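Please look over the structure shown here and follow the report below, which treats its cysteines, its nonpolar cores and one of its sheets in turn.

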Amino acid sequence: MKLLIRPAPEVAIKSKPVRNQQMRQLRQNIRKLLARLDYDIRVDGSWDRVDVELPGGRGLEGPAIDELTRIPGISTIQEIGVFPFLDIDDVCKKAIEAYAGRLSGQTFAVRVRRHGCHDFRSIDLERSVGAALLQASNAKGVNLKKPDLEVRIEINEESFHIAHRRHEGLGGYPLGSVETVMTLVSGGYDSSVAAYLMMRRGIRSHFLFFNLGGTAHEVGVRQVAHYLWQRYGASHSVKFISVPFDGVVAEIMRSVNHRHWGVVLKRQMLKAAAEIARDYSATGLVMGDAVAQVSSQTLTNLNVVDRASDEVVLRPLIAMDKQEIIRIARDIGTEPFARNMPEYCGVISSKPVTRARLHRVEEDEANLNPDVLAQAVASRSDTMVSRLLDSITTPEEVELVQTPAVADIIIDVRHPSEEERAPLSLTNNEVIKIPFYELSQQLSALSGDRQYLLYCDRGTMSRLHAGYLRAEGHSNVKVYTPAA
């Protein structure tokens, strides 16, 4: 099986040097990510396509296509069947096997391209294949101008290709072909969608988190950041930077007029972000603001916020409404995280200003102790996102169980997309599915006199949440770790 990958249309209109650079980057990204499935997968290509050859008999088609549909810079993925050319009858036979079941009630047209010398014309093969498909299927008929489905065949000297199903890619630019930014993340709908849109645009993005809610909040944001990177950005290494900001919040509430709290908090974040970004060679800052969504996001207030830094501030959601943002979050898989993420506003004013004056905000900021912000920046920690979940410590030690008792109930805490790819099935134990982001809400509804074993692929997420549940008094929670 071969896969023919076409880049996003914007890549094709670039100058030749830029296009070649972006295609090299795309091939490199594809090669790196598919190698995680099988090192024998071959990735080649040219200035306008990438060819992926999958080893036969290993069941790689589904996983490879799933991976490719999440790689930025890809417009379409076409499944290609490759066969030795014997004669026209064999081509007809292979076309029937590929398309007869898909033509019911539809019109179609056969398109043939030939390379080399043959004793027949392209139109001869089109007619033969078309007649064979009409006879072998319940097709509505042939429509050469506007068919419902096109049957594409390419003939070379000694082989031929039949195009099978086509899959849509993410579009955008290959990750790493544009510059690097620092994305401010909170774990909610807006920042996770903003981070995704930057990655889709080919922009390598570090994750910057200002911690206002303690360890529980940071754990949730780490999970979102790792999920986004794993699904859409794993071709490049990035960092997760956590800045303890509770002291800054306290200083703002102590020293600033309450009507300016929200604007000043955003400005302090932007000042810190600009300083941190320089240490990571990031050339811009990304925020999840949308116009007029909250009081600090009026155009006037955004202008005042942006004056806190000389760095370019990108806001990919600026003209989106909330329902559109939630729809994208649902499509990319971050909606369940955001839905269950506690709100940590940091500061809440009774009458927040909607048209802040820059000079008045700066006068209020002059009352802040600059050492507090400097200390927060200096106290930051950074972690490779690939190691993000491994580095979380749990508040309680948990027992690991390799062989569960018959009465034990296994709770599969994986994200639904992971669970669907590799369902967990045990002969003698009940298995229930509760994604980790819903555990705290649903566990209270379960029987208190049963023992529950949390399960995930690597054991990291299950240990993490078992530790927190035990710290909250759930002594009947352990971790299921199957023997290798």
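A search of the whole structure, which is a predicted model, finds zero disulfides. Two of the cysteines can be described by their accessibility: C117 counts as exposed because its relative accessibility, 71%, is over 50%, whereas C456 is buried because its relative accessible area of 9% is under 20%.

Turning to the interior, the largest nonpolar core holds 79 residues, and the members that touch the most others are I30, V52, L68, F207, L228 and I411. A second core, separate from this one, has 37 residues, among them V243, M269, V361 and V377. When its neighbours within four places in sequence are left aside, V52 is in contact with M1, K2, L3, I5, I30, L34, I41, R42 and V43.

The sheet considered here is open and has six strands in the order 13-12-9-10-11-14, with mixed pairing. Its edge strands are strand 13 and strand 14, each of which pairs on one side only. Helix 9, residues 261-279, packs on the sheet and touches strands 9, 10, 11, 12 and 13, and its direction makes about 135° with that of strand 10. The strands named in this description span the following residues.

| Strand | Residues |
|---|---|
| Strand 9 | 180-184 |
| Strand 10 | 204-211 |
| Strand 11 | 239-244 |
| Strand 12 | 285-286 |
| Strand 13 | 313-314 |
| Strand 14 | 381-384 |

Strand 11 and strand 14 run antiparallel and are joined by four bridges; within this pairing, F240 has T383 of strand 14 as its bridge partner.

Note on methods:
Residues numbered from 1 in each chain as written. Predicted model: local features only at pLDDT ≥ 70, side-chain atom pairs only at ≥ 80, totals over all residues. Heavy atoms only, no water. Disulfide = S-S within 2.5 Å. Buried < 20%, exposed > 50% of the residue type's maximum accessible area, 1.4 Å probe, protein only. Core = buried A, V, L, I, M, F, W, Y, C linked by side-chain atoms within 4.5 Å. Contact = heavy atoms within 4.5 Å. Pairing = 2+ DSSP bridges. Helix = DSSP H or I, 4+ residues; strand = E, 2+ residues; numbered from the N terminus. Axes fitted to C-alpha atoms, helices over the stretch in contact; angles between N-to-C directions.
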